[in-house]
Structures are given as structure tokens and as C-alpha cells.
Amino acid sequence: MYQLQLEKLSDIQCQPESQLKFITEAWLQIVECRRVLKWTYAYGYYLPEHEHAKRQFFEYLQGDAESGLERLHQCAEKELQVYLNADGPSKDFNEFRTKLAGLTSVTRNYFENLVRALENGLSDVDSRGACSRMGNSKGLGGGSSRGRSGKGKGSTSRPSSSSRNIDDSGHWSCEYCTFANVKSATICLMCQQRR
């Protein structure tokens, strides 16, 4: 079924299947993240009741990961349908490619942060219940302590313009939502915040 969709998309958008691997990567990321997410509920169930700060930190990380996954799934499923149902090549297909690849990268980082925190026993929360900023992660959006509202948690300082993440393919990571934007964009394609 999935392979048939890729072949159909390849024909409609006049793209070789090798240029559509970003879609396969997105779906594989969704499957992996759903697998991780299901086990986080068990982890949360066994968190001791008296460790309120750890529970809040866990729920924050889990919520970020889950909302990132839902955005990725929405793009990979619903937005992809537009291009599968098109009569011919769409001129904005490359923007879709950039958005889906960016969401895949951001979602991977959310889950890497979540798994790293769980592996470390949520040690980023000290005995007083204060959160320390998570260490930098590889790639875009790693180590972000900002939630969906754009307000920092744990760290109140904003990154300087020189510390903005730019990966090898020339994408920059939004300081607010961690979306991977093309280098030429001056406004985040996801949350509309200025660079």
C-alpha cells in the first residue's frame, strides 16, 4: 500500500522515488516515536507520587514530544494527500519536502531529549525541584527548553544570534518552536516568528 502511494506520488509530481525518501524517513520516525511514547506512559505511571518536580518535568517533555509527533503525523498523512490527489506537479511540493523533513528532524530531537532524560532518571531536576537546562543535542532544536508557548522553562536567557543552530544542509532552527527552516527564510514557516 505504502509503496503504491510513493509510486503514485512519483508519477504525479514528476519526482524519482529516490527523491521521495524524506517521506519514508518521516513514516519511520512516526512509527519509532509511537513505540517510544507508549512506554513513556508506563514510566510515568511508576514515577513516585512525592516527586512532583520530576513528574512535572516528565509530563513537560512527554507533552512536547507528543505534540511534535502529532504535527509530524498530520503533515505526513493529511498534507501529503494534497499532493497524492493533485492532477499534476505542484509548484509548492519542495516547500512540503522542507516542512516534512524539518518536522521529522524536530520530532526526532524531542524524542531524543525525552529518552535521554528518562535514561538519566530525570536527573535534570535537582532535589529542590528546580530544572537545569538539558545539555545540547545533536542536530536542530536540540536542548531547547522552550514549550509551545515560546516561553522558556528552566532557562530564561535567549540564545544569541550567533548560537542559532544551522545544520549541514543550510537549515536554521527556530528559537521558539525548533522547526528547521530553509536558510533563506527570515520568518519561521511553522510559528511565524522572526529569525
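Student: Let's start with Leu-122: is Leu-122 buried or exposed?

Tutor: Leu-122 counts as buried because its relative accessibility is 0%. The cut-offs for relative accessible area are under 20% for buried, over 50% for exposed and partly exposed in between, using a 1.4 Å probe and protein chains only. Before we go on, note that this is a predicted model: local features need pLDDT of at least 70, side-chain atom pairs count only at pLDDT 80 or more, and totals for chains, interfaces and linings use all residues. Residues are numbered from 1 along each chain as its sequence is written, and side-chain values use heavy atoms, with hydrogens and water left out.

Student: Where does Leu-122 sit, then?

Tutor: In the loop between H4 and strand E1 (171-173). Helices and strands here are DSSP runs numbered from the N terminus, with H or I over at least four residues for a helix and E over at least two for a strand. Check the backbone too: Leu-122 has a positive phi of about 55° although it is not a glycine. Gly-121, which follows H4, also has a positive phi, near 65°.

Student: Which other residue that isn't glycine has a positive phi?

Tutor: Look at Cys-14, with phi near 55°. You'll find Cys-14 in the loop between helix H1 (2-13) and H2. Its relative accessibility is 58%, so Cys-14 counts as exposed.

Student: What order do the elements come in?

Tutor: From the N terminus, the protein chain reads α-α-α-α-β-β, that is, four helices and two strands. Of the 195 residues in the chain, 44% are buried. As for contacts (heavy atoms within 4.5 Å), take those with a separation of 6 or more: residues 24 or more positions apart account for 59% of them.

Student: How do I check a helix's length, say for H4?

Tutor: Use the expected span, which is 1.5 Å times one less than the number of residues. H4 (residues 93-119) has 27 residues and should span 39 Å; its end C-alpha atoms are 39 Å apart, which agrees. H2, with 25 residues, reaches 37 Å from first C-alpha to last, close to the expected 36 Å.

Student: And which residues of H2 are buried?

Tutor: The general idea comes first: an α-helix has 3.6 residues a turn, so residues three or four places apart point the same way. In H2 the buried residues are Phe-22, Ile-23, Ala-26, Gln-29, Ile-30, Cys-33, Val-36, Leu-37, Thr-40 and Gly-44. Contrast Leu-28, which lies in H2 as well but is exposed at 58% relative accessible area.

Student: How do I describe helix packing, and at what angle do H2 and H4 cross?

Tutor: Two packed helices are described by the angle between their axes and the distance between the axes. The axes are lines fitted to C-alpha atoms, for helices over the stretch in contact, with angles from 0 to 180 degrees between N-to-C directions. H2 (residues 21-45) and H4 have axes that come within 10 Å and cross at roughly 25°. The contact includes Phe-22, Ala-26, Cys-33 and Leu-37 of H2, and Phe-96, Leu-100, Thr-107 and Phe-111 of H4. Angles under 35 degrees are called roughly parallel, over 145 roughly antiparallel, 65 to 115 roughly perpendicular and the rest oblique, and H2 and H4 are therefore roughly parallel.

Student: At what angle does H2 pack on H3?

Tutor: About 150°, with the axes of H2 and H3 (residues 52-84) 10 Å apart. That makes H2 roughly antiparallel to H3. Among the residues making this contact are Ile-23, Trp-27, Ile-30 and Tyr-41 of H2, and Phe-58, Leu-69, His-73 and Leu-80 of H3.

Student: How do H3 and H4 cross?

Tutor: Their axes come within 9 Å and cross at roughly 155°, which makes H3 roughly antiparallel to H4. For a spot to look at in H4, try Tyr-110, which counts as buried at 12% relative accessibility. Tyr-110 and Asp-64 are 46 residues apart in sequence and 6.7 Å apart in space, C-alpha to C-alpha.

Student: Last one: how many disulfides are there?

Tutor: A disulfide is a covalent bond between the sulfur atoms of two cysteines. The rule is a pair of cysteine sulfur atoms within 2.5 Å, and by this rule the count is zero. Among the cysteines, Cys-33 counts as buried at 1% relative accessibility, and Cys-75 is buried with a relative accessible area of 0%.
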